[in-house]
Amino acid sequence: MLMTVQDFETAARTRLDPVHADFIAGGAGDEITVRANEEAFRRLRLLPRVLRGNTERALDITVLGSRARTPILLSPTAFHKLLVEEGELATARAATAAGAIMIVSMASTVAVEDIAEATRGAGEGGDPAPLWFQLYLQPDLEFTRSLVRRATDAGCTALVVTVDSPVRGAHERDVRNGFLDLPDGLRCEHMVDPREGGRVRPIAMSAEITWTHIDWLRGITSLPILLKGALHPEDARLAVRHGVDGLLLSNHGGRQLDTVPATVELLPEIHAAVAGRIPIVLDGGVRRGTDVVKALALGASAVGIGRPVMWALAEGGEKGVRRLLELLREELDQALALCGAAGVQDLTPDLVRAPVWPPADASAALPGGVVS
Ligand SMILES: Cc1cc2nc3c(=O)[nH]c(=O)nc-3n(C[C@H](O)[C@H](O)[C@H](O)COP(=O)(O)O)c2cc1C
Ligand SMILES: CCCCC(=O)C(=O)O
């Protein structure tokens, strides 16, 4: 029975080409950060409130003008057609059914226009899923400008600029497996360049990109801009100064610089650095409703999931992703209820404890002065 994210991972592994399974699960170097993201959530403890009388929980959020029925959004992941024929169309329909924000990867195998169309067809009376568009700024600014225009015209309501990739992370599993390119027949639809007779450009991960490019982007779009992958508090402050509207606090699921901290460990520091001026979305290692509660309690406005969506897609296409989003919603609702919360707005940092024992300021209260 598919009851948990872990069940989806296990089920997906039996179906997936092992090379693709490695592409999804893997990360950079020794995959220390891949593991750290999940471990950090597991280490944190929740401290619930009782007798609050909350019989229903509100899970809906509005981030940067985008309304969603859940604080769990779909982080951008590349190449969904590797996993299922319909590719990102299946993902988008499932996101719409769940009322979740989907961040379309620049490296998607379906074009943003078609993804947007799929969300409109899948609403079952509800609204289409808000789409955000993820961008690796290309040094060819005219090409970047045309992509921004495409995303805007397709109805995307925010841009997510990934800034942790001056070079591509060293995915050793992929190198060993020889998985370095998309198989024949699949292509990154956004990289088709009409100026060059429809040539498919490689995605440049460029070390030339600087804050000047962020200023340039700020100048050509009125869509909200989120930076994805800034981890240093000083860069979070710089982001605010450069007119960025939000942060997607992410270490790329441990796929860029290995040994960076888990994102949830960085959250309090980043939260303090931006001081409420811009919202923070966090991704990396979110696998349980309790993980969502912890991230929101520590100051995130929403969380993103990457690999779980890929596993669910591989396991059961659109239906798989729908089920995944449902089960995470149920887990989140359950965790909120048990925390005594009436909704995500009730989550505050006092509900989270790092297990340090004895706590420095409480040792005096221990019986018999047993602790030296
Ligand atoms: C297979 C795969 C493909 C990804 N593709 C992209 C991408 O195209 N653009 C991007 O900014 N991040 C990409 N990411 C990173 C995710 O957006 C996200 O930061 C990460 O997966 C979150 O961690 P999680 O997988 O533990 O949930 C990718 C991650 C995976 C696993
Ligand atoms: C050019 C594809 C980028 C995919 C990516 O960001 C990842 O695999 O983590």
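Where is glycine 284 found? Glycine 284 sits in the loop that runs between strand 12 (280-283) and helix 11 (289-297), where helices (H or I, at least four residues) and strands (E, at least two) are DSSP runs numbered from the N terminus.

Before going further, I should say that this is a predicted model, in which local features need pLDDT of at least 70 and side-chain atom pairs count only at pLDDT 80 or more, while totals for chains, interfaces and linings use all residues. Residues are numbered from 1 along each chain as its sequence is written, and chains are lettered from A and ligands numbered from 1 in the order in which they are written.

Glycine 284 counts as buried because it has 32 C-beta neighbours inside 10 Å; the cut-offs are 20 or more other C-beta atoms within 10 Å for buried, 12 or fewer for exposed, and partly exposed in between, with C-beta atoms placed from the backbone. Leaving aside neighbours within four places in sequence, glycine 284 is in contact with Asn37, Ser250, Asn251, Gly253, Ala262 and Thr263, contact being C-beta atoms within 7 Å.

Gly253 appears again at ligand 1, where Ser75, Ser105, Gly253, Gly306 and Arg307 come nearest among the 24 residues around the ligand, each counted if its C-beta atom lies within 6 Å. Helix 2 (18-25) and helix 12 (307-338) are the elements giving two or more residues to that shell.

Ligand 2, for its part, is surrounded by Ala78, Ala107, Ile203, His252 and Arg255.

Finally, helix 5 (residues 112-121) has as its buried residues Val112, Ile115, Ala116, Ala118 and Thr119. Seen down the helix axis, these fall within an arc of 155 degrees, so they line one face of helix 5, the arc being that of the directions from the axis to the C-beta atoms.

Notes: Two residues are in contact if their C-beta atoms, placed from the backbone, lie within 7 Å.
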